[in-house]
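Please work through the exercises below with the sequence and the model open side by side, and try each task before reading its solution.

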Amino acid sequence: MSTSPTERVMQTPDARVDGTPMQYPLDEQLPPTGGAIEVAPGIFWLRMGLPFALNHINLWLLRDRLPDPAQPSVLREGWTAVDCGIDNPATRQAWQQVEQQVLQGLPILRVLVTHMHPDHMGLAHWLCERWQAPLWMSTSEYQSALLACSGLSNFGGAPTVAFFNAHGWQQPEELAQVQARVGYYPSMVPQIPGAYVRLMAGMQVRIGDRLWQCISGYGHSPEHMALLDAQKQVLISGDMLLPAISTNVSVYAMEPDGNPLQWFLDSLDHMAQLPDTTLVLPSHGRPFRGAATRIAQLKSHHAERLTELLQACRAQACCAHELLPVLFKRPLDVHQTTFAMGEAVAHLNLLCLSGQMRRERGADGVVRFSTTP
């Protein structure tokens, strides 16, 4: 289980549901730390460590050329980096090894970040400054990163404690740990670049010889951007489509009545029509083919969880904290519980907003959910 804000607390089977079985063209091959594997012409796979149970993130280097800022009529050869890793000494050292072993003496021309979570955003400021390269990301993600870096995030502090308390998590010693997490995000993302280039849904970005279309995704983060090269059938999916684990989809204190699970499922529909031959490059796990099969697995997984919640709340009203054992069949530590709570409320909110459940705040201030007749 991951212990980052991109945590996935629900695991899903890596098996066929319907359609074409998933395939892993590189089998068990993984890039070494500081090294790379070319997964498609001009696309190189990096793998950086994370100090969590989910112990890695995949990053991508794409051969590129852009106008020289000093001489706009001259094109500079170099790279676009997609995502960055967290800011810690090990990741900086790994990037320095990449510079020596992979970049072929060429500069990083831009840094493109799929979304604001620390394992994707952490070293953006360092890479941008090191290479005098612009940051590219969506506006919602950039602004959310600024807020989180300043301490206004969903990862800890008093508002998060109050939110969890209202959903039945009321152990003082555990909530004290949640309160202390107010500095969690800036500990891994200490700075945000002062300027950026906006990515928007449907926007086309030319990177080297490839034309990529931006595909926005919701539910996991504010405005996640995946990249699709439709002509050459490659999708950089970020965290929206992972091969063996389910992306964290949570409700947070800042948006307590949100419906992120529905937004996430709707976002998957934009990828469901991809050809089975499309090579999917995820942020965690191995590159794979069979996007439609994986999406069917994810939808089936969440449908099963929703059914279980409806059954659990049929006999009596329950709060989210009481329902954690229904969704998660193993013990959770405090850190894992923070993400499990967000997932649970996301499923319960979907059921309420679709009319299948109702919620009511009791005299004790706790929100409880019951199945509608």
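The exercises that follow concern a predicted model, and each task is followed by a solution in steps.

**Exercise 1. The largest pocket**

Task: Determine how much space lies in the largest pocket, which residues lie nearest its centre, and which helices contribute to its lining.

Solution: Begin with the volume, which is about 480 Å³ for the largest pocket. Next, consider the lining, which is made up of 23 residues, with Asn-154, Ser-221, Pro-222, Tyr-252 and Glu-255 lying nearest the centre. Then assign the lining to helices: helix H4 (139–149) and helix H8 (260–269) each supply at least two residues, and the largest share, three residues, comes from H4. Finally, sort the lining by class, which gives 12 nonpolar, 10 polar and one charged residues.

**Exercise 2. An open sheet and a hairpin**

Task: Find the order of the strands in the six-stranded open sheet, and name its edge strands. Then describe how S16 and S17 are joined.

Solution: Trace the sheet across its strands, and the order reads S9-S10-S11-S12-S14-S15, with mixed pairing. The edges are strand S9 (204–207) and strand S15 (288–289), each of which pairs on one side only. Looking at one edge in detail, S9 pairs with strand S10 (residues 210–217) in the antiparallel sense over four bridges, and Arg-206 has Leu-211 in S10 as its bridge partner.

Turn now to strand S16 (residues 357–361) and strand S17 (residues 367–371), which run antiparallel and are joined by five bridges. Here the bridge partner of Arg-359 is Phe-369 in S17. Between the two strands of this hairpin there are five residues, and Gly-365 takes a positive phi near 85°.

**Exercise 3. Cysteines without a bond**

Task: How many disulfides does the structure hold, and why is there no bond between the sulfurs of Cys-318 and Cys-313?

Solution: A search for disulfides gives zero. Cys-128, for instance, is in no disulfide, and the nearest cysteine sulfur, that of Cys-84, is 6.8 Å away. For Cys-318, the closest cysteine sulfur belongs to Cys-313 and is 4.5 Å away, which is too far for a bond, because a disulfide requires the sulfur atoms to be within 2.5 Å. As a last step, check accessibility: Cys-128 is buried, with a relative accessible area of 8%, and Cys-318 counts as buried at 8% relative accessibility.

**Exercise 4. Aromatic pairs**

Task: Establish how many aromatic pairs the whole structure contains, and describe the geometry of the pair formed by Tyr-24 and Phe-288.

Solution: The search of the whole structure finds six aromatic pairs. In the pair of Tyr-24 and Phe-288, the ring centres are 6.5 Å apart and the planes stand at 50°, so the pair is tilted. Locate the two residues next: Tyr-24 lies in the loop between strand S1 (10–11) and strand S2 (37–40), whereas Phe-288 lies in strand S15, so the pair ties together parts that are 264 residues apart in sequence. Tyr-24 is buried, with a relative accessible area of 15%, and Phe-288 counts as buried at 0%.

A further pair is that of Phe-164 and Trp-169, whose ring centres are 5.1 Å apart and whose planes stand at 50°, so this pair is tilted. Phe-164 is buried at 5% relative accessible area, and Trp-169 is buried at 0%. Together with Phe-163, Phe-164 and Trp-169 form one aromatic cluster.

Note on methods:
Residues are numbered from 1 along each chain as its sequence is written. This is a predicted model: local features need pLDDT of at least 70, side-chain atom pairs count only at pLDDT 80 or more; totals for chains, interfaces and linings use all residues. Side-chain values use heavy atoms; hydrogens and water are left out. On a 1 Å grid over the protein atoms alone, a cavity is a set of points where a 1.4 Å probe fits but cannot get out, and a pocket is an open set with protein on both sides within 12 Å along at least five of seven lines; lining residues have an atom within 4 Å of a point. Grid points are joined across faces, edges and corners, and a volume is the space filled by probe spheres set on the points. Ala, Val, Leu, Ile, Met, Phe, Trp, Tyr, Cys and Pro count as nonpolar, Asp, Glu, Lys and Arg as charged, and the others, Gly among them, as polar. Two strands pair if DSSP finds at least two bridges between them. Buried means under 20% relative accessible area, exposed over 50%, partly exposed in between (1.4 Å probe, protein chains only). Rings of Phe, Tyr and Trp (its six-membered ring) pair if their centres lie within 6.5 Å; planes under 30 degrees apart count as stacked, over 60 as edge-to-face and the rest as tilted.
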